[in-house]
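Trainee: I'd like to look closely at one small part and then see what else is worth noticing. Please go slowly and keep it friendly.

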Amino acid sequence: MRSATYALTVAVLTLWRPENGCAQVRAKADISCRPAVEKLQYDCIINLANSRSGEPLSGLTLTVGADMPSMPTAHNVRPVKATEDEDKGTYRARITLEMHGDWALRLDLSGTVRDRVIKVLRFGSDRVDEAPLARTPARHRH
Amino acid sequence: MDDHVIGVLSNIGVVSFVALSAYLLLLTGEISFGQQAFFAIGAYGAGVATALWGWPLAAALAWGAAIGGAVAMLVGMPTLRLHGLYFAVATLAFAEMVRILFELFRYQVSIDGELVGPNGGEGFRNIRYVFDHNIDAFQFLLLIYLLLAAALLGFVLLERSRLGVIFRMIGEDETLAGLQGISVVRHRVLAAGIAGSLAGIGGGLYAHLTTYVEPRIFDVMLGVHSLAYGLIGGLGTALGPLLGVVIDIGLLESIRALAGYRMIIFGGFVALLLIVRPRGLLDETTVHRLGRGWRQIFPWPRRPNLNRRGNNA
């Protein structure tokens, strides 16, 4: 029991590094998606920028995953890697969802900037919109 | 390790906390559809602590567990006098009340020129502790499983303690337990507090894992699942609900052909198991048999049976 407590304390202290805080570059993202040819496939264009300076973030590895907020951990789309356009900070990804409805897109940035940006969008059969507030849930259609 | 695998394993670990939370109440004979409320309280509490107050992660998780446990005890005092369906409905109503309260809850602070904090129905974004402190996904996975191992160790100790026996006794027959001089309501409130703390830790880990929470995440679906994990995995051991989580998130997640139909299969599986094995895959009888088989393979050196004078009996 005592050794388990020690192990737990060591692990927590290892992970607790407050001196590193607030030194990171934060990213902001603009996303626009539209339905692709295949059912439940969507093509997304993502513009990444430094949230403070507004400068485009290029040369990063960007993966796009998705979760359904109304069913946490249940519908977990395997992340796909986005490709960068010639325009600085513009990336493209094709995602395949499991059903229509509200999805929280998870943009994971790695490389010179490590960050995660979440965007909640409502994916329909013919269009993609900003998801409205939580009080108006979308109907999930298989 | 592949990022997706780490993500799935992290989800399994985090959801296991809320499954263990529901399992503990099942041990005392109560079915709760509301453990997601304490998961939500832990998630918002721990998220606010790191993102807005600048607390270290360990303190934030402890805070999430403390408020989850405290609220669970406060709610438990009036509701645990109810039984069966009435208690189940009361917990569900409370969970929905908490979810709607979080839809109204706004507490934002400007940090580096950016508004951070819960913003009603839009949720709570930028819980960025793991990114600000360079904790990678694998390190966070280790933290989740370390805390889960500590929780399981706590369950092992609980099962062997007098308190664990009392919990099971109340779950089997509360009238008989009351006749033995056990305060049924007090012990159930204690169980609710421990269960609330477990769900609170899970919520705190979830908020820092995803960096984003919103009220919709904590709806009845999560509560039903957390209950179902115990019923699938079994009520004979704390490993039961974990087995339930692994079956749902691990096994069904890995079969991509089932994508989109997972909930239907999961629901059918729960219904089937409730008919065939009402106390789950690892029920008390199975656990006893497995334990006996284990002791036959690895015989534990038994202490000699001594009488009061210290002589062999």
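Trainee: Where in chain B is D283(B) found?

Mentor: Happy to help, and please keep in mind that this is a predicted model. D283(B) sits in a loop of chain B, with helix 12 (262-276) on one side and helix 13 (284-297) on the other. There are 18 other C-beta atoms within 10 Å of D283(B), so this residue counts as partly exposed; 20 or more would be needed for a residue to be called buried.

Now look at the company D283(B) keeps. Setting aside neighbours within four places in sequence, its contacts are G234(B), L235(B), G236(B) and R277(B). Take L235(B) from that group: D283(B) and L235(B) are 48 residues apart along the chain, but their C-alpha atoms are separated by 5.3 Å.

Next, the core. The largest nonpolar core has 115 residues, and I46(A), F17(B), A19(B), A40(B) and A195(B) have the most contacts inside it. Helix 1 (residues 3-27) of chain B is the one that gives the most to this core, namely 13 residues. For a closer view, pick F17(B): not counting residues up to four places away in sequence, F17(B) touches L148(B), A151(B), L198(B), A199(B), I201(B) and G202(B).

I46(A), also on that list of core residues, leads us to the sheet in chain A. There, four strands make an open sheet in the order 1-2-6-5, with antiparallel pairing. Strand 1 (27-35) and strand 5 are at the edges with a single partner strand each, so one side of each has no neighbour in the sheet. Strands 1 and 2 of chain A are joined by nine bridges, and S32(A) stands opposite I45(A) in strand 2. Strand 2 (residues 41-50) in turn pairs with strand 6 over seven bridges, where I46(A) stands opposite Y91(A).

Y91(A) is also the bridge partner of E84(A), and strands 5 and 6 of chain A pair over two bridges. Their hairpin has five residues between the strands, and G89(A) there takes a positive phi near 80 degrees.

Finally, follow the side chains along strand 6 (residues 90-96) of chain A. Y91(A), A93(A) and I95(A) point to one face and are buried, while T90(A), R92(A), R94(A) and T96(A) point to the other face and are not buried. This fits a general pattern: in a regular strand, side chains alternate between the two faces of the sheet.

Methods. Residues are numbered from 1 along each chain as its sequence is written. Chains are lettered from A and ligands numbered from 1 in the order in which they are written. This is a predicted model: local features need pLDDT of at least 70, side-chain atom pairs count only at pLDDT 80 or more; totals for chains, interfaces and linings use all residues. A residue is buried if 20 or more other C-beta atoms lie within 10 Å of its own, exposed if 12 or fewer, and partly exposed in between; C-beta atoms are placed from the backbone. Two strands pair if DSSP finds at least two bridges between them. A nonpolar core is a set of buried Ala, Val, Leu, Ile, Met, Phe, Trp, Tyr and Cys residues joined through C-beta atoms within 7 Å. Two residues are in contact if their C-beta atoms, placed from the backbone, lie within 7 Å.
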